Structure formats: structure tokens, C-alpha cells
Amino acid sequence: MAVLVVEVRPHWFTAWFHRMATEPVVDVDGVESRARWGVNRVPVTEGRHVVSVWFRYRGQQAARLGAGGCELTVADGAQVPVSARLGVRNGSHFTVA
């Protein structure tokens, strides 16, 4: 078993708003996990994975705002750092690397 260490950060200029009004979501291979702003640990199996990050306003269930993603290959037992940064503007997307 491996672990993705996903650091989800809003832009510093709008961080106060996002921490108050939104919730990030981390999706690995189509499986959503409610996340928090900051560091999130997601267990995964060895192999290739598609990672997506987006946010929702609190209380919403279906919205996928600011979605961004990447593909990566994970070795067994690895702890893989993943950075997800949201842009400053309304309508910005996450840059996931």
C-alpha cells in the first residue's frame, strides 16, 4: 500500500474566503474523498492513478468547481507528495503536480 500526501492550498489572497465558505475534494480514480485545506493523506495501491482536486461551496453535493488533475505512477510503499494549488481569480483551476 502507498500513500498520496496531497497538499491542497487556496491562493493566499482568497484563502480566508475559501477556508470559510468552501470544502476541497480529492478524487483518485473516480473515488471522491472529502478533504480539508492543508495536507491530506490518501491510501492507494501500487500502479497508475488519476488524481483530481476541486472544491464545493459548503452544503453543495454535486458541484466540481476549479477542477484540475494529473496522472501519476506510484510504487508500493511509497509516500508520494502531490501539490494542488488554486489560482487567485474566481473561475481559476487547481494546478495539480
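Start with His 49. In this predicted model, His 49 sits opposite Leu 72, a residue of strand 6. That pair belongs to a longer contact line. Strand 5 covers residues 47–57, and eight bridges tie it to strand 6. The two strands run antiparallel.

Now zoom out to the sheet. Where does this pair of strands fit? The sheet is open, with four strands in the order 3-2-5-6. Pairing is antiparallel. Strand 3, residues 31–34, forms one edge, and strand 6, residues 65–74, forms the other. Each of these edge strands has a partner on one side only. How are neighbours turned against each other? On average by 25°, with direction ignored. As a reminder, strands of a sheet pair through backbone hydrogen bonds, either parallel or antiparallel.

Next, the whole chain. I count one helix and eight strands. Reading from the N terminus, the order is β-α-β-β-β-β-β-β-β. So how do contacts spread along the sequence? Take contacts between residues at least 6 apart: 62% of them join residues at least 24 apart.

Overall dimensions. The C-alpha atoms fill a box of roughly 40 × 25 × 20 Å along the principal axes. The radius of gyration is 13 Å, and a compact globule of 97 residues would come out near 13 Å, so the two agree.

Last, the surface. Of the 97 residues, 46% count as buried, where buried means under 20% relative accessible area. The accessible surface of the chain comes to about 5,700 Å². Carbon and sulfur atoms hold 55% of that area.

Notes. Residues are numbered from 1 along each chain as its sequence is written. This is a predicted model: local features need pLDDT of at least 70, side-chain atom pairs count only at pLDDT 80 or more; totals for chains, interfaces and linings use all residues. Side-chain values use heavy atoms; hydrogens and water are left out. Two strands pair if DSSP finds at least two bridges between them. Axes are lines fitted to C-alpha atoms, for helices over the stretch in contact, and angles run from 0 to 180 degrees between N-to-C directions. The radius of gyration is taken over C-alpha atoms; the globule rule is 2.2 Å times the number of residues to the power 0.38. Buried means under 20% relative accessible area, exposed over 50%, partly exposed in between (1.4 Å probe, protein chains only). Contact means heavy atoms within 4.5 Å. Accessible areas come from the Shrake-Rupley method with a 1.4 Å probe; for residues, only the protein chains shown count as cover.
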